Amino acid sequence: MFALLDCNNFYVSCERLFNPRLEGRPVVVLSNNDGCVVSRSNEAKALGIRMAEPWFRLRALARQHGVVALSSNYTLYADISARVMSTLGRLSAGQEIYSIDECFLDLSGMSAQERISHAQELRQTIARHVGIPVCVGIASSKTLAKLANHFAKKGLAGQDGVCDLDAMTSHQRHELFAHCPVGDIWGIGRQLAKQLQAMGLAHVEDLRRADPGAIRNTFSVTLQRTALELNGIACIDLARDIAPRQQIISSRSFGEPVDTLADLREAILYHTTRAAEKLRADGSVAHAIGVHVRSNPFQPKEPQYDRTQLVPLAQPTSDTMRLARAAMHGLQQIYRPGIRYKKAGILLTGLQSANHIETDLFDQTTSRNRQRMQTIDAINRKMGRDTIVLAGSGIERRWNMRREHVSPDYTTCWNNLPCAH
DNA sequence: ATGCTCCTGCGAA
DNA sequence: CTAACGTTCGCAGGAGCAT
């Protein structure tokens, strides 16, 4: 038996913790670069503001209704998330942290009564200890638990932010499934929903009753598993141990378009530095680095360009200088003048544990390099992220993202506390 | 026929 | 005033290649 616990309007709820004036008002949090809406308060949803709506298209409506728009502050959200997750971890047998605002929990061996009262207790504890409102969905597969959470959030399944599909009658379940579009199911996005609808499988109940073998043939094993899970046959286990990452991406849109190789070099070096830090934090090494640049696809009249160049590494490494050299080589190959670039980034792939790689008998520089990177990491951890940087990664950084309405890092930075000013 | 790598598309949050 | 549309991850499956 699985529970899926999901925080309500998570980023907005985080902002409200420290700014009570946001209570009762329409509030949205914007994606990086103040681009799109990624979190909405109930009041904002009531105004018809949709998920992923570009902010510039909402400006007029927002002014009219007094909508508060905030830049995203992932430092704050990550810290609040850690508090929610550790609180839940203490109260649960098995926990899989699925994303920044949701996790699966193992509720096996409980009666329906026990499950529902346990879920209520979780909600109250999170509200008291962290201050974040959450909803809980419960069922016998992860896909159904996600769906149950969806019903709980919409208030379709009765009381108080908890929905246990296994505590309901089959008639009640049927009613919910018959009216819920397939696009609301975990794993079914826009493309699949369109195809399924064309085949007459428009609602959850249709897919649940479909022949799994036929689904496998016309679509994929993934969708077959989804169909089985809708029938309460658990195909996807709770992931108890966190598998090491297979790739690391660092990329970002520019605040303003960039056209010089010099600016792109800075940005690529910056991202290489960030990604290499993550790589070493994971205790991994990379076999290849990919360099990615692209123009702005939302300006179709301008010349379009979108390339990534994969550069294999002679020996797998986590050394920033080596990765940077490879990245510069890749960038050189794909840079084209006369393009207004809007985004650049890098990708580290073929990740492996640093412990398992063969060391080159004739290479005496590797261990010195490793020590050097460890020292730099330690200094940057202690003194702040950009204390020691690559000279090439830029000072002025004209390409930095827009972040016009950012809130303070209330919980992780003393200097950002309002009383420090 | 089989198995590999590389690349693209899709989905998720 | 203008122009202004996210990021990071995993998985499936097809293309291309070698055996």
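In this predicted model, a polar side-chain atom of Lys 343 lies 3.1 Å from a phosphate oxygen of DNA strand C. Two further polar pairs involve phosphate oxygens of that strand: Arg 225 places a polar side-chain atom at 2.9 Å, whereas Ile 249 uses a polar backbone atom, at 2.5 Å. Helix H11 (221-230), strand E9 (248-258) and strand E12 (341-349) are the elements that contribute two or more residues to the surface near DNA strand C. Of these, E9 gives the largest share, with six residues.

The surroundings of DNA strand C comprise 26 residues, and those that come nearest are Arg 57, Arg 245, Ile 249, Ser 251 and Ser 253. On the DNA side, sugar and phosphate make up 70% of the strand C atoms that come within 4 Å of the protein. By residue class, this surface consists of eleven polar, eight charged and seven nonpolar residues. Ile 249 thus appears both among the nearest residues and as the backbone partner of a phosphate oxygen.

DNA strand B has 14 residues around it, of which Asp 101, Lys 146, Gly 187, Ile 188 and Leu 192 come nearest. For this strand, 100% of the atoms within 4 Å of the protein belong to sugar or phosphate. The surface near DNA strand B holds six nonpolar, four polar and four charged residues. At least two residues each come from strand E5 (95-99) and helix H8 (190-198), and H8 gives the most, with three.

The polar pairs described for the two DNA strands are set out below.

| Protein residue and atom | DNA strand and atom | Distance |
|---|---|---|
| Arg 225, polar side-chain atom | C, phosphate oxygen | 2.9 Å |
| Ile 249, polar backbone atom | C, phosphate oxygen | 2.5 Å |
| Lys 343, polar side-chain atom | C, phosphate oxygen | 3.1 Å |
| Ser 99, polar side-chain atom | B, sugar or linking oxygen | 3.3 Å |
| Gln 191, backbone N or O atom | B, phosphate oxygen | 3.2 Å |
| Leu 192, backbone N or O atom | B, phosphate oxygen | 2.7 Å |

Leu 192 is therefore one of the residues that come nearest to DNA strand B, a strand for which nearness is judged within 4 Å, and its backbone pairs with a phosphate oxygen at 2.7 Å.

Attention now turns to the protein itself. Strand E7 (residues 134-139) is mostly covered, six of its six residues being buried. In a regular strand, side chains alternate between the two faces of the sheet. In E7, Val 134, Val 136 and Ile 138 point one way, while Cys 135, Gly 137 and Ala 139 point the other way, and all are buried.

Strand E7 has pairing partners in E1 and E8. Strand E1 (residues 2-7) runs antiparallel to E7 and is joined to it by six bridges; within this pairing, Asp 6 stands opposite Cys 135. Strand E8 (residues 162-164) runs parallel to E7, with three bridges between them, and here Ile 138 of E7 faces Asp 164 of E8. Cys 135 and Ile 138, the E7 residues named in these pairings, point opposite ways from the strand.

A further buried position is found in helix H5 (residues 112-129), which contains Thr 125. Thr 125 counts as buried because its relative accessibility is 9%, and the limit for that class is under 20%. Apart from neighbours within four places in sequence, Thr 125 is in contact with Thr 87, Leu 91 and Val 130.

Definitions and conventions
Residues numbered from 1 in each chain as written. Chains lettered and ligands numbered in written order. Predicted model: local features only at pLDDT ≥ 70, side-chain atom pairs only at ≥ 80, totals over all residues. Heavy atoms only, no water. Helix = DSSP H or I, 4+ residues; strand = E, 2+ residues; numbered from the N terminus. Buried < 20%, exposed > 50% of the residue type's maximum accessible area, 1.4 Å probe, protein only. Contact = heavy atoms within 4.5 Å. Polar contact = N/O pair within 3.5 Å; in protein donor to acceptor, adjacent residues only side chain to side chain. Nonpolar A, V, L, I, M, F, W, Y, C, P; charged D, E, K, R; others polar. Pairing = 2+ DSSP bridges.
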